[in-house]
Amino acid sequence: MKSAMYAPATLGRVLSKVVGCGPGATPSGDDVLVGILAVLHSPCSGDAGARDAALLRSALLSLLATTTDVSAHLLRQAASGLFGSDLHELVRAVVAENHLGELDDKLRRVIKTGATSGADMCEGLLAFAPCYFNQQHERVAA
Amino acid sequence: MSLKSKFYPNLYKDSVSLMTVSAKVLAVPGIEAASVVMASATNVENLANAGLGKFDVHPNDLVVAVSGTEEACDEALKTADELLSAKGGGGEESTVQQAVSSIQMAMTKDPTHNFALVSVPGDYAAAEAMKALRLGMDVMMFSDNVPVESELALKKFADTQNLMVMGPDCGTAIVSGVPLGFANVIRRGPIGVVGASGTGTQEVTVRIHQLGSGVSHALGTGGHDLSAKIGGISMLHGLKALAADPETKVIALVSKPPAKEVAEKVLETAEDCGKPVVAIFLGADPDTVTRKGVHGAAYLAQAADMAVALANGQQPQRKAITVSNDAQRKVKEVAAAMAPTQKYVRGIFSGGTFCFEAQLIHAVAGTPAFSNAPTAGNRKLENVNKSVEHTIIDMGDDEFTQGRPHPMIDPTLRDTRIRAEVADPTTAVVLFDVVLGYGSSADPIAGLVSSIGTARAKAQAEGRRVAFIGYVCGTDDDPQNRAAVVALLKSAGVFVASSNAEAATWSAAVITERKGFTK
């Protein structure tokens with residue numbers, strides 16, 4: 001996914017393998033994408049995040065018919081930057097570099113979402129957070 | 001070896017249930033491979049790749065595919081069928097009661113309900129509010145983007161039923177001690193408030209609490225209520241309701257200046273209501289508001305002071321905000337330490353009424369400012385993301401909150417903006433608010449304190465010293481712990497004022513001092 005973000009030509013192909021993949025009413029692949037979108041839509045991901053969110057959104061929309069209705073709805077919301085409050089709070093806690101106890105608490109809340117959906121969202125979030133948030137930190141510091 | 005499958009149209013199961021069923025099916029003796037998944041295109045392709053067959057199904061269907069001996073496959077499908085048709089689908093037994101999904105359902109469940117809070121997207125809000133009104137409930141509409149025609153229709157109908165519509169776009173209310181929307185933990189007491197502005201109501205109620213008094217009810221009307229079109233229907237209703245309420249001894253009205261004829265109607269009603277009334281129409285000359293039994297205030301905190309005085313049986317005084325000797329000394333000290341380029345105030349607000357009040361106070365002090373929401377006489381900011389000269393902005397306004405949470409909920413953008421202002425060599429004062437209470441961020445200054453620290457260090461390295469002036473709107477009983485928030489801000493070098501008006505007055509004083517240096 002990460003390398004595909006930088007090669008838009010292959011993004012659609014990679015996404016078609018991720019969307020609808022795995023167990024659950026919202027298949028795991030979709031949940032991971034929600035986590036990724038939460039990172040991209042964070043104001044702390046700056047212009048790079050906004051650009052990649054738009055890229056991912058346009059690649060995603062044509063694939064929504066291939067997954068379950070429930071999941072397609074979730075992805076459509078996430079692609080427009082709308083997330084559950086627990087996920088949103090977690091992104092904030094990661095950005096604010098809150099102390100570990102608090103991060104732990106927010107992480108637990110997200111993991112409790114659905115059966116495995118929450119954990120899958122965390123996967124996506126944590127895989128992408130370092131690339132986008134660090135860039136932004138460096139830019140602010142520079 | 002055979003290959004068998006079954007699909008269930010429109011059956012949703014969560015992943016743990018599906019994996020549990022998969023594991024049990026796979027455990028059937030003679031089964032070689034099994035998969036129980038939602039039939040998304042990718043999953044169907046994976047089934048084909050795993051040699052479990054090709055399927056022509058819809059993504060909402062649930063597929064069970066198995067391979068193994070003929071008998072084992074039959075047995076496995078039977079097992080899956082039993083598990084999937086059982087309650088909970090192999091997962092935990094469900095004990096959730098049927099959720100209430102309509103106002104009518106809530107009413108059927110408990111007919112004593114008499115109040116509905118509507119917080120759905122604007123397009124649907126009026127319809128929901130009307131349902132509640134027809135069931136005899138008072139309504140608070142947190143929703144915004146409700147057409148003014150719908151607002152008028154709702155309020156006219158409510159008026160015929162002797163019911164109140166608070167809102168649309170009513171963010172703050174405290175009804176019989178129950179905080180709704182963005183509201184603080186306020187002691188119950190003798191003062192009733194009707195407010196057309198959310199943060200205005202928060203400021204007045206918080207101050208009443210801090211002065212040791214309390215609030216009977218704080219009713220909201222929404223920002224359009226006092227326009228000529230709506231005619232103040234909700235404020236008039238709220239005023240009459242508080243006049244009739246035995247717990248309420250004093251009434252405070254909070255609004256930006258209403259349309260002229262509406263102001264007249266409201267003040268006439270206030271005059272005849274039989275209880276002392278304090279009216280703060282921010283920006284209007286208090287003398288034009290004052291009449292028999294109605295006391296005009298000039299700013300929010302003053303309105304609270306006057307209401308508390310009346311509740312204590314004293315004569316209300318319209319005391320001007322004075323800069324104490326200690327504050328005066330600090331103002332001079334910080335202004336004298338600034339670099340020659342530093343001239344301007346940058347007010348970065350999350351509360352709309354705080355932004356409004358700060359602009360008024362600066363304008364009176366000879367410092368007109370640019371804003372995204374300018375008060376009369378101030379100029380509109382061309383690019384809301386770029387401050388020019390004196391700039392005082394409301395980051396809770398639509399242009400900043402499209403598709404994002406309000407800065408009271410998520411202050412990230414506000415913090416970023418403050419860093420940008422400190423980096424500007426012309427900035428002398430950064431003025432801001434922190435709003436506590438229910439609805440607001442649980443930790444509103446986590447990012448702010450570190451932002452101020454790094455921004456200040458950077459400015460200092462460039463030979464500049466910026467004055468940070470803040471106000472924390474909240475009570476010590478609020479969930480965020482006001483005392484701790486104030487202490488943290490002070491330790492970060494912020495001058496923390498006791499009201500929004502005082503913060504703005506300090507800020508204006510620094511700017512006036514700077515004018516002496518840069519002339």
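**A walk through chains B and A**

Let us start in chain B, where B:Asp144 lies in the loop that links strand E5 (138–141) to helix H6 (148–160). Keep in mind that the model you are looking at is predicted. How accessible is B:Asp144? With a relative accessibility of 32%, B:Asp144 counts as partly exposed, because that class covers values between the under 20% of buried residues and the over 50% of exposed ones.

B:Asp144 also has company. Together with B:Asp169, B:Asp398 and B:Glu399, B:Asp144 makes up a patch of negative charge on the surface. The 32% of B:Asp144 fits the requirement that residues of a patch have over 30% relative accessible area and no salt bridge.

From the loop we can step back to strand E5 and its neighbours. In general, the strands of a sheet pair through backbone hydrogen bonds, in either a parallel or an antiparallel way. Here in chain B, an open sheet is built from three strands in the order E4-E5-E6, and their pairing is parallel. Strand E4 (115–118) and strand E6 (165–166) of chain B are the edge strands, as each of them pairs on one side only. Look next at E4(B) and E5(B): four bridges join them in the parallel sense. If you would like a residue to find on screen, try B:Phe115, which stands opposite B:Asp138 in E5(B).

Now turn to chain A. What does its secondary structure come to? Chain A has eight helices and zero strands, so reading from the N terminus its elements run α-α-α-α-α-α-α-α, with helices defined as DSSP runs of at least four residues. Of the 142 residues in chain A, 47% count as buried.

Definitions and conventions: Residues numbered from 1 in each chain as written. Chains lettered and ligands numbered in written order. Predicted model: local features only at pLDDT ≥ 70, side-chain atom pairs only at ≥ 80, totals over all residues. Heavy atoms only, no water. Patch = residues over 30% accessible without salt bridge, like charges linked within 9 Å, V, L, I, M, F, W, Y side chains within 5 Å. Areas by Shrake-Rupley, 256 points an atom, 1.4 Å probe, with all protein chains shown as cover. Salt bridge = Lys/Arg side-chain N within 4 Å of Asp/Glu carboxyl O. Lys, Arg positive; Asp, Glu negative; His and termini not counted. Charge placed at Lys NZ, Arg CZ, Asp CG, Glu CD. Helix = DSSP H or I, 4+ residues; strand = E, 2+ residues; numbered from the N terminus. Buried < 20%, exposed > 50% of the residue type's maximum accessible area, 1.4 Å probe, protein only. Pairing = 2+ DSSP bridges.
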